[in-house]
Amino acid sequence: MQLETPFDELLETEAHVRVLRALAGLPQGFSASARDLARRAGVAHTTAARVLRTVAEHRVARPQHVGRAYLYELNDSHVLASQIRALFESEAGLRSQLIEYLRAELPQRVGRAEAAFLFGSAGRDDTRPGSDIVVAVVAPERSEEDLEPGLTALS
């Protein structure tokens, strides 16, 4: 195992990240085929198989030969396994963290409001790298000019 920069190969491409995310998303002690992991990761079977070979070479995944196929599971005895699980668990909670942040900060930044809504891709839970986070605030007693400084500070 490369000690200085082990994630260079484990997270080398988007496909590596997706397959590792799918692998880490399996329940502990559960294994899946390369085909199943490819489906979960949204990558081609051949891509998933190549990534899984790399991950298995680093012993982060444990392959098990069953019949004509290999089943893979995250090697929980590997020093990086808990960090890999934690990485993807925190990633899965980002939207919830955003909502909690807005719940805490909106009243402090804009004062009393009747409601606030997430719109667009953030509201649909479908953000992309260039996505904006669009928030609508309902505060009938306040003018737009009154709300603007607080909303600008929030962004």
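Two residues are in contact when heavy atoms of theirs lie within 4.5 Å of each other. By this criterion, and leaving aside its neighbours within four places in sequence, L37 in this predicted model touches A22, L23, L26, A32, L52 and Y72.

L37 belongs to the largest nonpolar core, which has 28 residues. L37 is listed there with L20, L23, V55 and Y72 as the residues with the most contacts inside this core. The elements that supply two or more residues to this core are the helices α2 (14-24), α3 (34-41), α4 (45-57) and α5 (81-92), together with the strand β3 (69-74). A second core, separate from this one, comprises eight residues, among them L102, V110, A139 and L147. In soluble globular proteins, nonpolar side chains tend to be buried together.

The strand β3, which contributes to the largest core, also takes part in a sheet. This open sheet consists of three strands in the order β1-β3-β2, with antiparallel pairing. Its edge strands are β1 (32-33) and β2 (61-66), each of which pairs on one side only.

The two pairings may be followed in turn. Between β1 and β3 there are two bridges, in the antiparallel sense; S33 has L71 in β3 as its bridge partner. Between β2 and β3, which also run antiparallel, there are six bridges, and here H65 has Y70 in β3 as its bridge partner. The strands β2 and β3 form a hairpin, with two residues between them. In the turn, G67 has a positive phi of about 60°.

Terms used. Residues numbered from 1 in each chain as written. Predicted model: local features only at pLDDT ≥ 70, side-chain atom pairs only at ≥ 80, totals over all residues. Heavy atoms only, no water. Core = buried A, V, L, I, M, F, W, Y, C linked by side-chain atoms within 4.5 Å. Buried < 20%, exposed > 50% of the residue type's maximum accessible area, 1.4 Å probe, protein only. Helix = DSSP H or I, 4+ residues; strand = E, 2+ residues; numbered from the N terminus. Pairing = 2+ DSSP bridges.
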